[in-house]
Amino acid sequence: MIRPSARAPDEPRRKFTRGREHPRGVVWFGIRSFWGHLRHLLASGIATEDVDSRDWMTPDPPAELLRRIVRELGVESEAETLSEALGREVWIDYLADTGDDVAVSRAVARLVFAEYELPDPEREGEVLSAPRGDLLMFGGDTAYPVATAKEITNRVLVPFNQVLEEADDERPRVLLGIPGNHDWYDGLDGFGRLFRRRDRQDDDDGPRPSTVGIWRRPFEHYADWAKELVKGGYVSKPPLLALSGYVPVQTASYFALPLSPQLTLWAIDRQLKQLDFRQRRFFSEARDELPHGRLWLMLPDPVFAFGEPSRTGVGMVTSLQLDLDAEPHFVLSGDIHHYERLEDGPTLHVTAGGGGAFLHPACPDAPGRMRPTLSWPGPRASAALLRQVPWKVAVGRSGLIPHILLLALYGPVLTTVRELGIAPTLPGLVVAWIGITVVFSLIGGLRSKRRGVIVALALLAAGAIVALPVAPAAAASSWPAAALLLLPTTLLGAFVFGAYLALLTRFGLEQTQAFTALDHPGFKHFLRLRVRPTGQVDGWCIGKQDPLSQEPPVLVDSFTFDPR
């Protein structure tokens, strides 16, 4: 039984431990990630054409899903809610945005599968025993960069099963989940192999929980893919994915579960665009059939992201015809890779996307943004980490795609000047300047209300990048001298690109690109939740600032949602 220590104050910290095992954290401007970006574009195009895998799903009626969960937990009951069926409070573990660095995933698993002594919200100064949850819920983005069966196996199941092998606890538990955008990049193939309910025959004949990864080089997979495409065959995948001790029970990527007479859980899937009409009808009928008081919404995206209303989050709430200002709701989400608790009127919003993926910063302190009650990391720690971004991009630790593109731009300029004696023309420089400005503006987010500031900043950064090779080309006395200047010029151009990303975040214009490039392993966490028979939800956020260090877990936050 572990008693977490108090959360450290919001102070900058320089040293963090990085994993050294394969697969390591996704390098977002690396070649491997480029495949993920292409899958993103392809999946978004399919979604735009309104090709939706959810059309073929048959979600369980809430009462049927409840009975199945109760049976898997070893209880025989015809009660109408989970807490009534168990005859006690329900314990739930929640984590989201998992499956990046395998060593970090193993550290997160050690957090999730431990038992804790936590502050009792009813008795000040007292503690209670918080056992491992009856339910383990994944909040989306099961693995990166694309949640294929292979990536889920290597980055989630193998490290999690290795930790579960050490656990002396064979009590049955249930696995639930909703998909995020990275799950949809694979068309929910990997997601379905892990979370979809299995027939009894599958349980008898299917593969056992794996503790050994699937090791194949990317080019080998691509070669097999190309060969099978020509032959008209297919690349084989594991038929099922198993997490030791947990049974998947759902038949769709969304579900409703009555937890207590006063509280019902709605788990939502918005695909890559929006809620489909079948899902809207399902939850409308669930509301009519289960009038159990208030709602706990589990969303793939938050309603408020970095202090501003999220287009996708607000869209989901609007599609379900919910009024978060009029009635209390508990809104839980991932997607943003930090912890944040925000109270907006009667509704409690909690974002907990620290299940293993790269870190996102705290909400910027800017006019017009809502201030969270608590965030982890805080603004000071986020600002200190942000200053590392230009250097990491410059030296190639965020991937080499920017350097390859800059070499393609700078190489011909230096070669042309030396070999042909033709200086770069002003029209050519202007065309390059405009092209790079457009790319930088898209990275900064042209949907933003401050798009004018983004374009101005993009103009300055693009102008600096275009101007960088001019002086070295003029100063070089020979082709070898020009070639020697190519590398430092490229590194300096990458530094400018990294500085542009950092400035977007520093001025509150765009919050994810810089920290995605930083690929920071810190501030990982999960939620241990207790649903009382009254419908009250007690939550404790448990995490580690440096997950691969020997430091003990910390209690990041605790809260209570009372639907009454």
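Is R171 buried, partly exposed or exposed? R171 is partly exposed, with a relative accessible area of 33%. The legends below describe close-up views of a predicted model.

**View 1. A salt bridge between D134 and R171.** The closest N and O atoms of this pair are 2.9 Å apart. D134 sits in the loop between β4 (127–130) and β5 (135–138), and R171 in the loop between α5 (149–166) and β6 (173–177), so the salt bridge ties together parts that are 37 residues apart in sequence. D134 has a relative accessible area of 1% and is therefore buried, whereas R171, at 33%, is partly exposed. The cut-off for buried is under 20% relative accessible area. In the model as a whole, the count of salt bridges comes to 23.

**View 2. A salt bridge within helix α5, between R155 and E151.** The side chains of R155 and E151 meet with a distance of 2.7 Å from N to O. The two residues are four places apart in the helix, about one turn. Residues three or four places apart point the same way, because an α-helix has 3.6 residues a turn. R155 is buried, and E151 is buried as well.

**View 3. The salt bridge of R530 and D538.** Here the closest N and O atoms are 2.6 Å apart. R530 is buried, with a relative accessible area of 7%. D538 is also buried, its relative accessible area being 0%. Through salt bridges that share partners, R530 and D538 belong to one network that also takes in E89, E122 and R532.

**View 4. Helix α2 and the residue G74.** Helix α2 covers residues 62–72. Buried residues in this helix are P62, L65, L66, R68, I69, V70 and E72. They include nonpolar residues such as L65, L66, I69 and V70, together with R68 and E72. After α2 comes G74, which has a positive phi, near 80°.

**View 5. A nonpolar patch on the surface.** The patch is formed by V430, I434, V438, L442 and L446. Together these residues have about 420 Å² of accessible area. One of them, V438, lies in helix α15, which spans residues 426–444. V438 counts as partly exposed because its relative accessibility is 46%.

How values were computed: Residues are numbered from 1 along each chain as its sequence is written. This is a predicted model: local features need pLDDT of at least 70, side-chain atom pairs count only at pLDDT 80 or more; totals for chains, interfaces and linings use all residues. Side-chain values use heavy atoms; hydrogens and water are left out. Patches are made of residues with over 30% relative accessible area and no salt bridge: like charges are joined within 9 Å, nonpolar side chains (Val, Leu, Ile, Met, Phe, Trp, Tyr) within 5 Å. Accessible areas come from the Shrake-Rupley method with a 1.4 Å probe; for residues, only the protein chains shown count as cover. A salt bridge is a side-chain nitrogen of Lys or Arg within 4 Å of a carboxyl oxygen of Asp or Glu. Buried means under 20% relative accessible area, exposed over 50%, partly exposed in between (1.4 Å probe, protein chains only).
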